[in-house]
Amino acid sequence: MIKIAEFLPPQPSPLWKLVKQAGVNYVVGGLPLPSDCGPGETPYDLMPLLRMKQRYEDAGFKLAVIEARPPMDKLIRGLPGGDQELEWCVKLVENMGKLEIPVWCYAWMAVISWTRTRVDVPSRGGSLVTAFDLAEFEQRPPLPEVREEDLWRNLEAFLKVMVPVAERAGVKLSAHPDDPPLSPLHGVGRILISVENFQRVLDLVPSDYNTLTLCQGNFTLMTDDLPAVIRHFGRQGKISFVHFRDVRGDARRFEETWHDDGKTDMLACMEAYRDIGFEGVLRPDHVPTVEGDSNDDPGYSSYGRLYAIGYIRGLREAVYRRKGED
Ligand SMILES: [Mn+2]
């Protein structure tokens, strides 16, 4: 059965308790804090990772995914300094293997990470969601030009090094889509933007450890039939992690939605995960900011997550016909 996880920052907080109270036992983590690192240690070293993992375990969570990475922009763009960044990635995955953390979610976006043009669009009942409008984004100051062919070449080189490391460590490399899935984005090329391109990534270095994060909010902007895409990659065993969320609109102009209020048939998606026998974790990904919560970290409102977790647990029980012990 698919397992439900939440992204929890590496320091205990009331959110940890809320999430645990909502029935979640798996955690998606970031990287260790500076205070986890002794003299000369980086967040990719074994001991800092162990200290962070221990905190999650002490609170009753199993660390299922690390969804954070060393600086990678030089590596992605093929600039001087990329070798050092690659070394950090190797070290991180090797040490994750020693600690039996099974999935590393990475991204291959140059210059800009996930991006929105608004973070306070009114949604149901006055809740707030994030939104993206390409026309608005293009009014911003110019960004450095990045060519798609360079991204492809550098990604292939990265995978040729990292896949054997991942195989030895027993850690799946899980590529997250570019968000939004558009290229070029104001002059910045992007490649993880379509079902075809993801298939190409998987085929560059075929391995059970070269996999993807099925971020529904992005993949649903690449297709009109998301359950079919889940089955397509799931049949190949290439889904290692799921971001379960939804949007309304298209890649050039969209807003995020409550989990039960977007363009996608979420029930059919859950059925697809059941049918492919997916046993990994999902997390709700972004949620609306709701009454009583702050919009300081748009998409990650604490109370908004409770609704998402409850909705997803209900959907899962309906599909699997089992109460969620996980
Ligand atoms: Mn995502």
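At roughly what angle do the axes of helix α9 and helix α10 cross, and within what distance do they come? The points below take up that question and then turn to the sheets, to one residue of helix α6 and to some backbone features of this predicted model.

1. The axes of helix α9 (residues 226–235) and helix α10 (residues 266–275) cross at roughly 15° and come within 8 Å. Since angles under 35 degrees count as roughly parallel, α9 and α10 are therefore roughly parallel to each other, and α9 passes α10 in a right-handed crossing. On the α9 side the contact is made by Leu226, Pro227, Ile230, Arg231 and Gly234, which meet Ala268, Cys269, Glu271, Ala272, Tyr273 and Asp275 in α10. Sorted by class, this contact holds seven nonpolar, one polar and three charged residues.

2. Helix α10 also meets helix α11 (residues 302–320), the axes of the two coming within 9 Å and crossing at roughly 55°. With that angle, α10 and α11 are therefore oblique to each other, and their crossing is right-handed. From α10, the residues Met266, Leu267, Met270, Glu271 and Arg274 meet Leu315, Arg316, Val319 and Tyr320 of α11, and the residues of this contact divide into six nonpolar, no polar and three charged. Glu271 is named in the contact with α9 and again in the contact with α11.

3. Eight strands close into a barrel with parallel pairing, in the order β1-β2-β3-β4-β7-β8-β9-β12. When direction is ignored, neighbouring strands of this sheet are turned by 35° against each other on average. Within the barrel, strand β3 (residues 62–66) and strand β4 (residues 103–107) pair in the parallel sense over two bridges, and Val65 stands opposite Val103 in β4.

4. An open sheet of four strands, paired antiparallel, follows the order β5-β6-β11-β10. Its edges are formed by β5 (118–122) and β10 (247–250), each of which has a single partner strand, so that one side of each is left without a neighbour in the sheet. The twist from one strand to the next averages 25°. At the β10 edge, four bridges join this strand to the antiparallel strand β11 (residues 253–256), and Arg248 stands opposite Glu255 in β11.

5. Glu148 belongs to helix α6 (residues 148–169) and, with 15 other C-beta atoms within 10 Å, is partly exposed. If neighbours within four places in sequence are left aside, Glu148 is in contact with Ser183, Gly189 and Ile191. Its C-alpha atom is separated by 25 Å from that of His243, a residue 95 places away along the chain.

6. The loop between β7 (172–176) and α7 (195–204), in which Pro180 lies, deserves a look at the backbone. The peptide bond from Asp179 to Pro180 is cis, with omega near 0°, and the bond from Ser183 to Pro184 is likewise cis, with omega near -10°; Pro184 has its place in the loop between β7 and α7. His186, found in the loop between β7 and α7, has a phi near 55°, a positive value in a residue other than glycine, and is partly exposed, with 17 other C-beta atoms within 10 Å.

7. A positive phi is found also at Val111, where the value is about 65° although the residue is not a glycine. Val111 lies in the loop between β4 and β5 and is partly exposed, having 17 other C-beta atoms within 10 Å.

Technical notes: Residues numbered from 1 in each chain as written. Predicted model: local features only at pLDDT ≥ 70, side-chain atom pairs only at ≥ 80, totals over all residues. Axes fitted to C-alpha atoms, helices over the stretch in contact; angles between N-to-C directions. Parallel < 35°, antiparallel > 145°, perpendicular 65-115°, else oblique. Left-handed = near helix turned anticlockwise from the far one by under 90°. Contact = placed C-beta atoms within 7 Å. Nonpolar A, V, L, I, M, F, W, Y, C, P; charged D, E, K, R; others polar. Pairing = 2+ DSSP bridges. Buried ≥ 20, exposed ≤ 12 C-beta atoms within 10 Å, placed from the backbone.
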